[in-house]
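Here is a briefing on one protein chain. It starts with strand pairing and then takes up individual residues and ring contacts.

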Amino acid sequence: MLRMVERDHLTVRSELPLLNKVQQWFEQFCLKYLCQRGWTENQLYRLNLALAEGFTNAVRHAHEALPPETTIDIEVSLWIDRMEIRIWDHGQPFNPDAIAEPKPGTPQEGGYGWFLLRRLTDRVVYERSADERNCLLIIEYSRQ
């Protein structure tokens, strides 16, 4: 059975300016644990971009009608074979499969975030947790 190597957690208010803090926290985790395990700069860049997209989606969409004091929880877990990022928000449940994928050359309002997330990482999963929060799970597998 594969085991977890490291885990960290961050809770922030639902405010876009805190994206910088979120990304710095993630970069510190990566510098400390991923670089010496053979993860490439390209993988780390794509994961950081996916984290930024997930966080900003939670702030802009899930928490749009909620006060900025509403928290967003983020957890990173490093396993022997993969990295998992979980982003929990307090928004209403939704169905990401109902979001139409953008078609090249056709203007579309919205939906680009999910399209981008699915292209940046190996797997993206949306779940509604038992405590009635949304959980975005982002997974990237090690290339070793």
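Strand β2 (residues 71–79) pairs with β3 in the antiparallel sense, over six bridges. The model is predicted. On another pairing, β3 and strand β5 (residues 134–141) are also antiparallel, over eight bridges.

**Overall make-up**

- The chain holds three helices and five strands.
- Along the sequence they run in the pattern β-α-α-β-β-α-β-β.
- The chain has 144 residues, and 46% of them are buried.
- Take the contacts between residues at least 6 apart in sequence: 64% of them join residues at least 24 apart.
- About 8,300 Å² of the chain is exposed, and carbon and sulfur atoms supply 52% of that area.

**Strand β3 and its partners**

- β2 and β3 form a hairpin, with two residues between them.
- Across the β2–β3 pairing, Leu-78 has Met-83 in β3 as its bridge partner.
- Across the β3–β5 pairing, Arg-86 has Leu-137 in β5 as its bridge partner.
- How much of β3 is buried? Eight of its eight residues are, so the strand is largely enclosed by the rest of the structure.
- In a regular strand, side chains alternate between the two faces of the sheet.
- In β3, Arg-82, Glu-84, Arg-86 and Trp-88 point one way. Met-83, Ile-85, Ile-87 and Asp-89 point the other way.
- Both sets are buried, charged residues such as Arg-82 and Glu-84 included.
- Arg-82 also meets a ring: its charged end sits over Trp-79, 4.3 Å from the ring centre.

**Asp-89, a buried acid**

- Asp-89 lies in strand β3.
- Its relative accessibility is 8%, so Asp-89 counts as buried; the cut-off is under 20%.
- Which residues does Asp-89 touch, leaving aside neighbours within four places in sequence? They are Ala-58, Ala-62, His-63, Arg-133 and Asn-134.
- Asn-134 is 45 residues from Asp-89 along the chain, yet their C-alpha atoms are separated by 5.3 Å.
- The side chains of Asp-89 and Asn-134 are joined by a polar contact of 2.7 Å.
- The Asp-89 side chain also reaches a backbone atom, the nitrogen of Gly-91, at 2.8 Å.

**Aromatic pairs**

- A search of the whole structure finds two aromatic pairs.
- Phe-29 and Tyr-33 form a tilted pair, with 4.9 Å between centres and 55° between planes.
- Why is about one helical turn between Phe-29 and Tyr-33? They are four residues apart in helix α1 (residues 19–33).
- Phe-29 and Tyr-33 are both buried.
- Phe-94 and Tyr-126 form a tilted pair too, with 4.5 Å between centres and 50° between planes.
- Phe-94 lies in the loop between β3 (82–89) and α3 (112–120), and Tyr-126 lies in strand β4 (residues 123–128). The pair therefore ties together parts that are 32 residues apart in sequence.
- Are Phe-94 and Tyr-126 buried or partly exposed? Phe-94 counts as partly exposed, at 35% relative accessibility. Tyr-126 counts as buried, at 19%.
- The cut-off explains the label for Tyr-126: buried means under 20%, and Tyr-126 has 19%.

**Glu-132, a positive phi**

- Most residues other than glycine have a negative phi.
- Glu-132 has a positive phi of about 65°, although it is not a glycine.
- Where is Glu-132 placed? It is in the loop between β4 and β5.
- With 57% relative accessibility, Glu-132 counts as exposed.

**Leu-49 and Leu-120**

- Leu-49 is found in helix α2 (residues 41–62).
- Its relative accessible area is 31%, so Leu-49 is partly exposed.
- Leu-49 and Leu-120 are 71 residues apart in sequence. C-alpha to C-alpha, Leu-49 and Leu-120 are 7.9 Å apart in space.

Definitions and conventions
Residues numbered from 1 in each chain as written. Predicted model: local features only at pLDDT ≥ 70, side-chain atom pairs only at ≥ 80, totals over all residues. Heavy atoms only, no water. Phe/Tyr/Trp six-rings, centres within 6.5 Å; stacked < 30°, edge-to-face > 60°. Buried < 20%, exposed > 50% of the residue type's maximum accessible area, 1.4 Å probe, protein only. Lys NZ or Arg CZ within 6 Å of the ring centre and 35° of its normal. Pairing = 2+ DSSP bridges. Contact = heavy atoms within 4.5 Å. Areas by Shrake-Rupley, 256 points an atom, 1.4 Å probe, with all protein chains shown as cover. Polar contact = N/O pair within 3.5 Å; in protein donor to acceptor, adjacent residues only side chain to side chain.
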